[in-house]
Each structure stands twice: as structure tokens, then as C-alpha cells.
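Here are a few short exercises to try with the model open beside you. Have a go at each task before you read its solution.

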Amino acid sequence: MRSHALIIVGGGLAGLRAAIGAADRGVDCAVVSLVHPVRSHSGAAQGGINASLGNHPDAGDDDPQSHAFDTVKGSDYLGDQDAIRILCEEAPARIYELEHWGTPFSRFSDGRIAQRPLGGATYPRACYAADKTGHYLLHTVYERAVSLGLRIYDEYSVQEIVVDEGRCVGLVAYDLKGGTIEGFAAEAVILATGGSGRLYGRSTSALINIGAGVAMAYRVGVPVKDPEFVQFHPTTLYGTNILISEGCRGEGGYLLNSEQERFMERYAPQFMELAPRDLVARSIQQEINEGRGIDGQPYVHLDLRHLGMSVIQDRLPGIRDLCIHFAGIDPVEQPIPIQPGQHYSMGGIDVTCEGATCIEGLFAVGEAACLSVHGANRLGGNSLLETIVFGARVGESAAAFVGKTKSDGNRIESAVDNAVRAFEAKLKALIENPATENPYAMRSQVTEIMDSHVQVFRTREGLEEAVARLRELRARYAGVRLRNGGRVFNLDMLRVLELDVMIDLALASAVAALAREESRGAHFRADFKARDDANWLKHTLAYRTEEGPRIAYKPVVVDQFQPQERKY
Ligand SMILES: Cc1cc2nc3c(=O)[nH]c(=O)nc-3n(C[C@H](O)[C@H](O)[C@H](O)COP(=O)(O)OP(=O)(O)OC[C@H]3O[C@@H](n4cnc5c(N)ncnc54)[C@H](O)[C@@H]3O)c2cc1C
């Protein structure tokens, strides 16, 4: 059995930054990751990472306080203000740290880090490296982790958290290359497995982002916080739903309907295309629903032509490539067909500002976690920032936890051993089950249900149908067929196990959305159009039970900024 003081599940920005934070404190830690770290979804981030550096000529008197206010307002007042303050106050120092570690940020002509406007921000404060910000950050942080000699186990799919008498003591993983089920003993575990975007078919997320870590925590009794809050990015490429960065609108791109109108004038006269994402996504969807999509199709145009070749080539080269390769369109000459698509999970594992869950020794960070700094709607550029600021913080707090715990090594090993044996037995039963349900057809049904009913505009009827159909899939899962009984790189087995995760999380999201009878941020109920602070200024907590999710609530931390009407 492998054993480390601290194990971090996930090698994206959050996981690697947490590992560096812990390793810097001399803790023996290892990263266990499904894909090689630099293939994590963090590497796909495009537009930027926020910090109130004040480098832009229009930055005015930008400061962490202003960044915090924009974030709280953007969150539709559901964000926890203590966590948001930490995010915004620590941002500048963390950006300079990344710069000193070697991130090649784009720069202004005076040499300072360049910044661009993103949606919902009063001042331009997104630092960027062209339109490949995540790629450069991930490589920088990965190199740092390698230089510290961090142990990385890649191509291991973690399946279960092991809890012994209320304490997390390790995990069970499937080693894809070796074809074995492995136990890992640990004093503490940090889950940094990313978001659950692939519960949807139309999503900008990597295919592996199904919320595995969220489901693992959910199954050992940790609640999922705010699962109904799902961000739909306004501009995803029609046909493939590849992300077309908000940086395009930040650089001056605008949206046009079939009547060649800049329709954002009607919805957000002051911020126009740079209103927050929930508002812009709804506006686009409404234009489409009312028949003003281009040629009657479900998309509108994002026009960059007026920016000219040199701006596009210099600041948005990746977007140009994506459009040419995936849509056969050169944005220098043609407008880009776009529609809203799933982009980000605001909800996730319920944690404190130190990343602690309700289970001792179990921590979470990054998109898998919900602190909550994004509340009901995340601002562009705040998620990369969350992975870095809270990655460091949670890595340090888990290291401190490990430093002060005393545990019985034999006891831990036997608990992990038992969990490995139980998991082997579960796999054997799955392989020997003479079942007939096709897991791939069921997976498509989950994503179709989410695309159709738990989407930009929600209604009671739609959500009731989603819940009923997901419950039916939950029951049918017992009869799911696993054809391939092999061990090495058995992706068939992984897909069958993933389906279980997806049904659990989709159901939690749909049940929570049905319960929340108001509209706030990305959760828009066509039958309850107003925000209702008197009854709903609270976080959802979904607990897993055999009968389905049990919903409870907890207060939002509101101290400095009292809820106001959002105007953009
Ligand atoms: C296309 C795109 C563009 C974006 N652009 C921006 C942007 O410009 N600015 C911004 O602020 N945010 C952006 N975001 C959001 C931001 O990139 C993500 O929220 C953030 O990078 C998530 O980081 P993470 O470390 O939490 O997860 P990820 O980077 O998704 O990493 C998850 C890790 O978990 C591992 N893992 C998953 N399941 C398992 C398992 N079962 N066992 C073992 N390991 C597992 C994976 O191998 C991976 O290493 C963007 C997101 C997308 C999809």
C-alpha cells in the first residue's frame, strides 16, 4: 500500500498550487491525478485572471475593495463576503508570485503586466497571457511542483474516499496503466478534481470533468453546496460549444442578432456586452427564443471584424485558430456564430475558507469546492484566481492539520485495505451482473435532460420532468451492463462508474433547482422571475440519501455589502 502524509486528488491549478503550499511546509505529499497534470482543464482557460493591480490606463482607483464589491454584486449577493475578501486582497501578491515563477504574462509597452476588461468588472483587471492564460499558468505551476520534487501519480482514477470513525484516512484508486485497484493511506486528503460541466452535452468543459470528487465527498456524507447554480457562458462556438473567450468582448467584440442589432442595448445599456455572464447568456437565449437567431438558427453573431488583423492576431490568436479549425470561419473576415453553453459549476463540496469539510482530514479546493466566492454567478477571471489564492491557503491549512495529528498507522492501513477489498468485490459484481442496460445511452439521457431542463431558463414543469427522469435512471443503474471485464485501461469500466456519479450529481442539481423558487444569478426561474432575499438569501446544502437528495439550507455571510438591486 502506498502511503503519504497528505494526498491531493487532481493535478489542475488548484491541486498543484495546494501541493506546493503543503510541500513548502515540509509535508510529505503526493498528487494523484486521472490525467497528466498539464492536460487538466485549467490549461484550457483563455481570458484572464483578476487582480486589482491598477496597470490599465482606465483602472481609476481600482483596489481589492472595488474587486470585492464587483464580485459580491456579480454573485447576486449569494457569495460569502469573508471568502471574497480573502480572494481579492490576496490577489495582487499571488499574481506577482506567478510572475516571479515565470508566467509569461502579456505586457503593456511600459513593461507592466497587461490587463483587460472582463464582464461585470468596474475596472479592467484581468491579467492575461494572450488568450492562453490557463495554459501558461498551469505550466508555470507544474514546473514549480516538479522543481520541489513532488510525487505525482498520473493516470490513476480515484474512486472512493476512505473514512474511519469520522476521519478521512485515504483513498481507493484504479491504476489505469497497471490495471490494479490501489489503496493510498493518508493523514489528510484534498479533493481538487475540478467542475462537473459534463453533466451537460453542450459544455465548454473537458470530457473528464464530471464532478468525480464532488460525488466522492457527497457519498461519505459531505453536503454539496448550491448545486443548482450552474454558469452558462454566453459565447460558445455553435456546433461544438468550444469556448469563445469573454476576452473577445473585453477587446471590443460585440453581439448582433439577425436584424443586425446590438441587442445588449435593451438588456444592459450601461455595461452592454460586458455585463455579467448570467445576464448576457439570458439575453442571447431570449433573442434566439424570440426568433432573432441568425437565419432562424439557435445562434447569434459575435463580431470581431472591426478589431482588425493585428489586434486579433496579437491578443486573440487562439480564438482565431479555434474558429478556423472548428467552424471554418476566419473572425478577421466573418462574424462568429455563438450560443450559450454550460461553463462552470458555482456549487460544489461545502468547505470553509481553509478548505475543510465536515469530515476531519478531508479538504477540497478549486472548482470542485464551494467556498463560496462566486455565489449565484461567477465573474470572468475569478476562477483561476480562486484556484491560486485558495490552492495555496488550503495546501497550507492541510499541512498544518497533518502536523498536529497523531494517528495509528496500522489502523489506517487496515481501513484502507478493507475499502480496497470492498471495491474489488463491487467491481466483480458489476462484471458478473448479467445486466442489459446500455450505459452510453443512459449517459446521453442524463446530458439531454440537463441540456433541456436544467438550463438558462427553468420552469417548474421542466424541472419536475428532469427530477422524475433522473430518478428513473437512478433506479435503472442497478441493471447497467459492463461488457469489458479486462483490467488495463478499461475505459468501459470507467464510463460505467462515471455514470453513477453523473446521475447522483444531476439529481442533486435538479432537485435543488426545483426547490429554489426565485431567480438569482445563473438560476433563472421563468415562473419566479424576481430575486427573493426575504426567503432565499441562503445557500442550499444537498445531502445524499438512498431516497435521493435531502435539501437543507445555511446562511450566507453578508457583512460589508448589503444586498441591493443589480443594475448593469
Ligand atoms: C474553456 C474554459 C476556459 C476558462 N477560462 C477561464 C478564464 O479565462 N479565467 C478564469 O478565471 N477561469 C476560467 N475558466 C475556469 C477555470 O479554468 C477552472 O474553473 C479552473 O481552472 C479549475 O481548476 P481546478 O484545478 O479546480 O480543476 P481542473 O483544472 O479541471 O483539474 C481537475 C484535476 O482533477 C483530476 N481528476 C478529476 N477526476 C479525477 C479522479 N476521479 N481521480 C483522480 N483525478 C481526477 C484531473 O486529472 C485534473 O488534474 C475556464 C474554464 C474553461 C472550461
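The exercises below cover the ligand site and two helices.

This is a predicted model, in which local features need pLDDT of at least 70 and side-chain atom pairs count only at pLDDT 80 or more, while totals for chains, interfaces and linings use all residues. Residues are numbered from 1 along each chain as its sequence is written, and side-chain values use heavy atoms, with hydrogens and water left out.

**Exercise 1. Find the residues that surround the ligand, and sort them by character.**

Step 1. Count a residue as near the ligand if one of its heavy atoms lies within 4 Å of it. This gives 39 residues, and the closest are Ser 40, His 41, Ser 42, Glu 367 and Ser 383.

Step 2. Sort the shell: 16 residues are nonpolar, 21 polar and 2 charged. Here Ala, Val, Leu, Ile, Met, Phe, Trp, Tyr, Cys and Pro count as nonpolar, Asp, Glu, Lys and Arg as charged, and the others, Gly among them, as polar.

Step 3. Look up the helices and strands, which are DSSP runs numbered from the N terminus (helices H or I, at least four residues; strands E, at least two). At least two shell residues come from each of α1, β2, β7, β14 and α11, and α11 gives the largest share, with 4 residues.

**Exercise 2. Which atoms lie 2.7 Å and 2.8 Å from an oxygen atom of the ligand?**

Step 1. Start with Ser 383: an N or O atom in its side chain is 2.7 Å from a ligand oxygen.

Step 2. Move to Ser 33, where a polar side-chain atom lies 2.8 Å from an oxygen atom of the ligand.

Step 3. Now check the cover: the ligand has 1000 Å² of accessible area on its own (Shrake-Rupley method, 1.4 Å probe), and the protein covers 98% of that area.

**Exercise 3. Is helix α8 mostly covered or mostly open?**

Step 1. Call a residue buried if its relative accessible area is under 20% (1.4 Å probe, protein chains only).

Step 2. Count along residues 277-289 of α8: 11 of the 13 residues are buried, so defined, and the helix is mostly covered. Among the buried ones are Arg 277, Asp 278 and Glu 287.

Step 3. Look just past α8, and you meet Gly 291, with a positive phi near 90°.

**Exercise 4. Why does the length of α13 agree with its residue count?**

Step 1. The 15 residues (439-453) should span 21 Å at 1.5 Å a residue; the expected span is 1.5 Å times one less than the number of residues.

Step 2. The end C-alpha atoms are 21 Å apart, so the two values agree.

Notes:
A residue is near a molecule or strand if one of its heavy atoms lies within 4 Å of it. A polar contact is a pair of N or O atoms within 3.5 Å; within protein, one must be able to donate a hydrogen and the other to accept it, and residues adjacent in sequence count only if both atoms are side-chain atoms. Buried means under 20% relative accessible area, exposed over 50%, partly exposed in between (1.4 Å probe, protein chains only).
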